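Hi,

Here is the structure I promised to send over. Have a look at it first, and then read on for my notes.

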Amino acid sequence: MADFNSPSENRGGGARVIDTGTDELLARVEDRVAVLTLNRPHARNSLSDDLSPALRRMIAAFGADESIGCLLLTGAGTAFCAGGDVKGMGQNRAKRATGDTKRPDPKAAARDLLDRQIRLTGALYDLPKPTIAALPGPAAGAGLSIALACDLRIAAKSAFITTAFKNIGLSGDYGSSFFLSQLVGSAKARELFFTAERVSAEECERLGIVNRVVADGDLAKASLELAHQLATGPTLAYGIMKKNLDRALREDLHSCLAHEAEGLIRTAQTEDHREAVRAFIEKRSPEFRGH
C-alpha cells in the first residue's frame, strides 16, 4: 500500500505535520512539497461535510504559502476519491420526505454549489504552482474532477477512473466536463459521461488522462520523487507556464505570442534565471529560490 505520510528517504528538510482541523484530511510538508491525503478509507475517501471544507482551506493555504513549491494530492487506502457521499444524499432525501428539512431553492443551491466548486477544483486548477494527483485506486465522480484539476496524474496499475454521475442520475459537477473534454476531446468525453464505464489505468495513460502508470507499491515513491523535482524548480516560471498552457486551449496564436513575450521578459528579470545562467556556465545544477 502506498505510504505518503512517512518521511522521505534522503531528504534534507524535516517533515512538518499540518493540522487541517479534521482527521479526514491529513497534511504534511517536506522540502517544499505539501502532501494532502484524503483520509476516509472506509468510505473510499468520498467527500463529506468535514473533508470538503478542510480541503478547500488547505488548498488556499498552500497556494498562498511561498515556501511550498508543489502540491501532491492523494487518498488513503486503496482509493483516490469516490466522489460525493451517496449515502448522505439518501439521508437528506429521507429527511425531506418526512418534512424534517425543506427542499432548497434551486437558484440559491446552484449559487452555493458554484462557490464551493470555485474554491475547490477551481482553486486547485488556478494554483500558481505545480500540482500532482496520485491515484492509489479509483477516482470517481467529483473525485475524478479533483484529480483532473491537477496538472499531472500518476496512477497505480490497479487504479481506474469513472465519471459515475450517470449511475446516480446526476449530470456532473466540479469541472468534470471541462477537464475531461480538454484531455480527451468532446466525443470521447461524451462517451465516458454517457456510459460511466470504468477506464483502467493503462487505458487512461493511452488516452492522456494520466501521465504515468506505476506498480501499486511504487506509487508513493514515484509521485514524491516527481513532486520534489518540481518543488525545486523555478516557481514563478512554472506559474507563467501554467497560464500560457491554459490560454493555448482557448486563445489564438497571436494572443498566445503576446502573453508568452510578456512572461518571458518577466522571467528573464528574475534571480532564478540569473542563477540558471550561472549554473550553466559553471556546469552545475541551479538552485532556484522562486523569485
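Below is what I found, starting with the sheet and moving out to the helices and a couple of loop residues.

One thing up front: this is a predicted model.

**The sheet**

The sheet is open and has 7 strands, in the order β1-β2-β3-β4-β5-β7-β10, with mixed pairing. At its edges you'll find β1 (16-18) and β10 (212-214); each has a single partner strand, so one side of each has no neighbour in the sheet. On average, neighbouring strands are turned by 20° against each other, if you ignore direction.

Starting from the β1 edge, β1 pairs with β2 (residues 25-30) in the antiparallel sense, over 3 bridges. If you want a landmark there, I18 sits opposite A27 in β2. Moving one strand over, β2 and β3 also run antiparallel, joined by 6 bridges, and here L25 stands opposite L38 in β3. These two strands make a hairpin with 2 residues between them, and D31 in that hairpin takes a positive phi near 50°.

The direction changes at the next pair: β3 and β4 run parallel, again with 6 bridges between them. V35 has L72 as its bridge partner in β4.

**How enclosed is β3?**

What does burial look like along this strand? For β3, 6 of the 6 residues are buried, so the strand is largely enclosed by the rest of the structure. In a regular strand, side chains alternate between the two faces of the sheet. Here both faces of β3 are covered, with V33, V35 and T37 buried on one side and A34, L36 and L38 buried on the other.

L38 deserves a click of its own. This residue lies in β3 and is buried, with a relative accessible area of 0%. Leaving out neighbours within four places in sequence, the contacts of L38 include E24, L25, N45, L51 and L55, as well as L73, T74, G75, A76, F80 and C81. If you'd like a distance to check against your own script, L38 and V213 are 20 Å apart from C-alpha to C-alpha, with their positions 175 residues apart in sequence.

**The loop after β3**

Two residues here are worth a look on a Ramachandran plot. R44 is in the loop between β3 and α1, and its phi is near 55°, a positive value in a residue other than glycine. N45 belongs to the loop between β3 and α1 as well, and N45 also has a positive phi, of about 60°, although it is not a glycine.

Buried or exposed: which is it for N45? N45 is buried, with a relative accessible area of 0%, while R44 is partly exposed at 42%. N45 is also one of the residues in contact with L38.

**Helices on the sheet**

Two helices lie across the strands. Helix α4 (residues 142-149) lies across β4 (70-75), β5 (131-135) and β7 (152-156), and runs at about 135° to β5. Helix α8 (residues 219-231) lies across β2, β3 (33-38), β4, β5, β7 and β10, running at about 165° to β7.

**Helix against helix**

I looked at two helix pairs. The first is α1 (residues 51-64) with α3 (residues 106-126): their axes come within 9 Å and cross at roughly 45°. That makes α1 oblique to α3, and the crossing is left-handed. From α1, the contact uses L55, R56 and I59, and from α3 it uses R116, R119, L120, A123 and L124. By class, that is 5 nonpolar, no polar and 3 charged residues. L55 also turns up among the contacts of L38.

The second pair is α5 (residues 176-184) with α6 (residues 186-195), packed at an angle of about 130° with axes 7 Å apart. That makes α5 oblique to α6, and here the crossing is right-handed. On the α5 side the contact residues are S176, S177, L180, S181 and V184, and they meet S186, K188, A189, L192 and F193 in α6. By class, the contact has 5 nonpolar, 4 polar and 1 charged residues.

Shout if anything is unclear.

Cheers

Terms used:
Residues are numbered from 1 along each chain as its sequence is written. This is a predicted model: local features need pLDDT of at least 70, side-chain atom pairs count only at pLDDT 80 or more; totals for chains, interfaces and linings use all residues. Side-chain values use heavy atoms; hydrogens and water are left out. Axes are lines fitted to C-alpha atoms, for helices over the stretch in contact, and angles run from 0 to 180 degrees between N-to-C directions. Helices (H or I, at least four residues) and strands (E, at least two) are DSSP runs, numbered from the N terminus. Angles under 35 degrees count as roughly parallel, over 145 as roughly antiparallel, 65 to 115 as roughly perpendicular and the rest as oblique. A crossing is left-handed if the near helix is turned anticlockwise from the far one by less than a right angle, and right-handed if clockwise. Contact means heavy atoms within 4.5 Å. Ala, Val, Leu, Ile, Met, Phe, Trp, Tyr, Cys and Pro count as nonpolar, Asp, Glu, Lys and Arg as charged, and the others, Gly among them, as polar. Two strands pair if DSSP finds at least two bridges between them. Buried means under 20% relative accessible area, exposed over 50%, partly exposed in between (1.4 Å probe, protein chains only).
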